[in-house]
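Here are my notes on this one, as numbered points. Have the viewer open while you read.

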Amino acid sequence: MEKTSLEPDSSIVFKPVLKANAEAILKVAQGSLLVLDRELRIISGNKDFYIHSHLSPKVIEKQFLRDVFTYEMGFEQLLHTIITGKKQSDSSTIILNNLSVKKQFDISIGRLDLEAGEILLLINFKNSSTGPLTGSKRTFTKGLNDILSHAPAAICTLRGPKHIFELANERYINLVGKTNILGKEVRQVLPEVENQSFFEILDKVYSTGNPFVGNEIPIKLDVGEEEPRLSYLDFVYHPTRSSGGEVDGIFVHAIDVTEQVLARKKVEESEKQLRTFINTAPVILWLTNKDGYSPFLNKNWMDYTGQSEQQVKNYGWLDAIHPNDKERAETSFIEANRNRQSYRTTYRLLTKAGNYRWMIARGVPNYTSDGTYKGMIGTVVDVHEDKIKEQLLREKEHRIRSIVEEATVATALYTGREMKIELANDAMIQLWGKDRSVVGKTLREALPELEGQPFYGLLDKVFTTGETYWGKEDRVELNIENELKSGYFSFTYKPLRNEKGQIYGILNMALDVSEMVESKNLLKESESRFRQMADLMPEKVAKSDVNGEPIYFNQNWIQYSGLSFEELKIHGVMDLIHPEEKEEFVRRWNASLATGNRFEMEFRCRNAEGKYKWHLSRGEAMRNEDGIINRWIATTTEIQKIKEEEKRKEDFLKMVSHELKTPVTSIKGYVQLLLSLLNNSKTTDISSLPLKPSLERIDHQIVRLTRLISEMLDLSRLEENKLELRKETFNLNKLVDQTVQDITYTNTQHEIEVFHDFNCNIHADKDRIGQVLINFVTNAIKYSPENRKVEIYIREIEKGFVNVCVKDRGIGIEEKDHKRIFKRFYRVGTKSEETYSGFGIGLYLAKEIIHRHEGSITVKSKLGKGSEFGFNLSVAAKDQES
């Protein structure tokens, strides 16, 4: 056929994958080569071809073969036979008719299958009428084999129905632990594989022509150790075919995934142990996902409430909460989950027996090791008998998942010392997080984020020394989507040499093993958390064997007791229990050991300082799959503050009863006296009756009773944060005078003198400031039974601030009590404490009122020398300006 034109057709656009693969082949293969697509268009040729053909890439690339060469009519039919797969290869002759040059070549034709159904035709020009060209089919094949032999996978080829080793790379030889295997049958080389199904699979692939893909398949190989080595493989058996289309061998590609499989199995076992531990812990534990749904509640919840696992899913656990508490419990949980903050609430929970019991629920955010929010983790504790006992169990469980999958092998080719990217397949491009524009750039231009990492230095060393570098699980940081991300890769830097033995580039193949490394780290983290879980619990945790002998104490027990683990193991907790509770403790513990029933008791326990503190201990029997007890686990929680609070409340109720009864009894007595006198007034002059002093005493007691009730109401408002301030601007000096005048009506025996050293207005709640003044002045009167002079000073302490001070010469207060007197229900103890009535909340209210006005309380006092109580406030704005 005659050629038409040697000008390239600019309308033809080659697929990037065809051009990239053609250039990759031409880089590593030797000989005079030309690469065509399935339409018989010329994609590219190598240097040898262009030298001996006197053609240039610019002239022939994208042209049809018939426009460059002359050949017989049947030649194109031969090419189409190879394209359709009826033949794999063939040979022929072809004539180059290029203007003044005319040459005839003997050629060999081969087909190369690519991904996605694409194919390439390779034409190897072997000789011509004017002389031979360099290269051969053998050197071409060697170039391809060179790539396969350095792939980070175990590769071999088998020939014939007996599966004779024809080719095996170094990784395959290392995998099977055998050398000198070429030319031998598989059954001869690997007799230990008999009865492991591999021979049968090979026979089936050869006989049917269908490939076989195996994932994580176990294999036992005799590698010279005492026992056969168990490995897990991801592998492919792919049939190879002769030029006639008949199966003539099998291509084997295997990846050793033993480490990934074993790591996952360890993670699964660790998670199973973790769940077992959680299910046997003597508390209710729960987990939610990031949306707030409950993927896990341990069996204690189901045992306690009678709900099924299906019923508690999502928000079903709310159905067991008292209707009056349900909305509050739901709202507080949803808010905590949304804000990813700690969660604490109390509610009444319906038990399996049909009664409601008070519970305290606590939770904390749960994060993975890389900071990803997973949901909430927490506890639910029965506090019905203890009312407001503080018990907290915080655990962090990471649901460890092992994702170990084999990634596509990423391949790139760099040329020159500057490492120009000549080739990068889709897997490598994806691995880098880049696009095709990086091809043709230097590695430094394409991946500037590698600066400061060791890879540029490693590449330069390989290029200089010619020694292959094998990287195993090396950490790499890559800029992907404008974010620096870390990954782990096993890879090779293989030097490539030209026909003179000179290094011209480096072949880079990489496998992403980030998931495997992450699995290892997760496994270590899970095992560490499992071992340390008890130490992280805020309670004191102990384990004992089936006979009650201690075998473990967590760190809280060691810190509390001041004893070492060995000392605690020898003496146990028994020596720390208060003598008054020890006998009962022994009795109950022995009863639990004998029956397997739960142990629960409150007792005092001695700490490292020798002080006894109240604790609540609960113990549960841990049983094996047959229900037999194999150990006991007990948690002991300090409840000293709860006990003290209960005692304070009991004392407070007694005091309230006494304080309220006193004025009521006094009022009743005076009323009875007046009624008795009035009944007898028929014979007595009414004017002579003591009406006025009696009514004054009644009024005094009513004022006292009113004040006590007012203080109780203010205390309640403070605790509920409902104490409102109605601020206005008023003259402080007038308020002091008015307050003193009101007090003197009912306290005529004391002399109250006011010193106005500073006159000012303040912006505050007038009634509340008056309440503080009344408290200070009445306290000064009450605690000054002998010296009845009280002084009040109004002074400027600094620019913009005023001080009001009430001074008496009464019994005074010891310095150690100066801070305590402002606490709720605190009264200073004296030898005659019964003389001074009150709840012990007046100064507490005064402090809260002044603090809510952004002021401060002052006190100066010495025992027997009197006291000075004062407060500081800022003056009104216009007074500051003046």
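1. A word on terms before anything else: a residue is called buried when its relative accessible area is under 20%. By that cut-off, 45% of the 882 residues in the protein count as buried. Keep in mind that this is a predicted model.

2. The overall tally. The protein has 24 helices and 33 strands. Take the contacts between residues at least 6 apart in sequence: 54% of them join residues at least 24 apart. The accessible surface comes to about 47200 Å², with 49% of it belonging to carbon and sulfur atoms.

3. Now the cores. The largest nonpolar core holds 36 residues, and those with the most contacts inside it are Ile752, Ile762, Ile769, Phe776, Ile792, Val802 and Phe871. Two or more residues apiece come from helices H21 (732–746), H22 (766–782) and H23 (842–852), and from strands E29 (761–765), E30 (789–798), E31 (801–808) and E33 (866–874). H22 gives the largest share, 7 residues. There is also a second, separate core of 30 residues, with Ile421, Ala424, Ile429 and Tyr456 among them. As background, nonpolar side chains tend to be buried together in soluble globular proteins.

4. H22 deserves its own look. This helix has 17 residues and spans 24 Å from first C-alpha to last, close to the 24 Å expected at 1.5 Å a residue. Since 12 of its 17 residues are buried, H22 is largely enclosed by the rest of the structure. The buried set is not purely nonpolar in name: it includes Arg768, Asn775, Thr778 and Asn779 alongside Ile769, Val772, Leu773 and Phe776.

5. What does Phe776 touch, leaving aside its neighbours within four places in sequence? Its contacts are Val806, Leu843, Ala846, Ile857, Phe869, Gly870 and Phe871.

6. For contrast, try Lys819, in the loop between E31 and H23. Lys819 is exposed, with a relative accessible area of 74%. Its C-alpha is 9.1 Å from that of Val859, which is 40 residues away along the chain.

7. On to the aromatics, with 25 pairs in the structure. Phe198 and Phe235 have ring centres 5.9 Å apart and planes at 50°, so this pair counts as tilted. Phe198 sits in helix H8 (residues 198–208) and Phe235 in strand E10 (residues 229–241), so the pair ties together parts 37 residues apart in sequence. Both ends are buried: Phe198 has a relative accessible area of 5%, and Phe235 one of 3%.

8. Is the pair of Phe585 and Phe599 stacked or edge-to-face? With ring centres 5.1 Å apart and planes at 75°, the pair is edge-to-face. Phe585 belongs to helix H18 (residues 579–595) and Phe599 to strand E24 (residues 599–606), so parts 14 residues apart in sequence are tied together. Phe585 and Phe599 are both buried. They also belong to a cluster linked by ring pairs, together with Trp589, Phe603 and Trp632.

9. Finally, two charges over rings. The charged end of Arg444 sits over the ring of Tyr456, 4.1 Å from its centre; Tyr456 is also one of the residues in the second core. Lys540 lies over the face of Tyr560, 4.4 Å from the ring centre.

Technical notes
Residues numbered from 1 in each chain as written. Predicted model: local features only at pLDDT ≥ 70, side-chain atom pairs only at ≥ 80, totals over all residues. Heavy atoms only, no water. Core = buried A, V, L, I, M, F, W, Y, C linked by side-chain atoms within 4.5 Å. Buried < 20%, exposed > 50% of the residue type's maximum accessible area, 1.4 Å probe, protein only. Helix = DSSP H or I, 4+ residues; strand = E, 2+ residues; numbered from the N terminus. Contact = heavy atoms within 4.5 Å. Phe/Tyr/Trp six-rings, centres within 6.5 Å; stacked < 30°, edge-to-face > 60°. Lys NZ or Arg CZ within 6 Å of the ring centre and 35° of its normal. Areas by Shrake-Rupley, 256 points an atom, 1.4 Å probe, with all protein chains shown as cover. Expected span 1.5 Å × (residues − 1).
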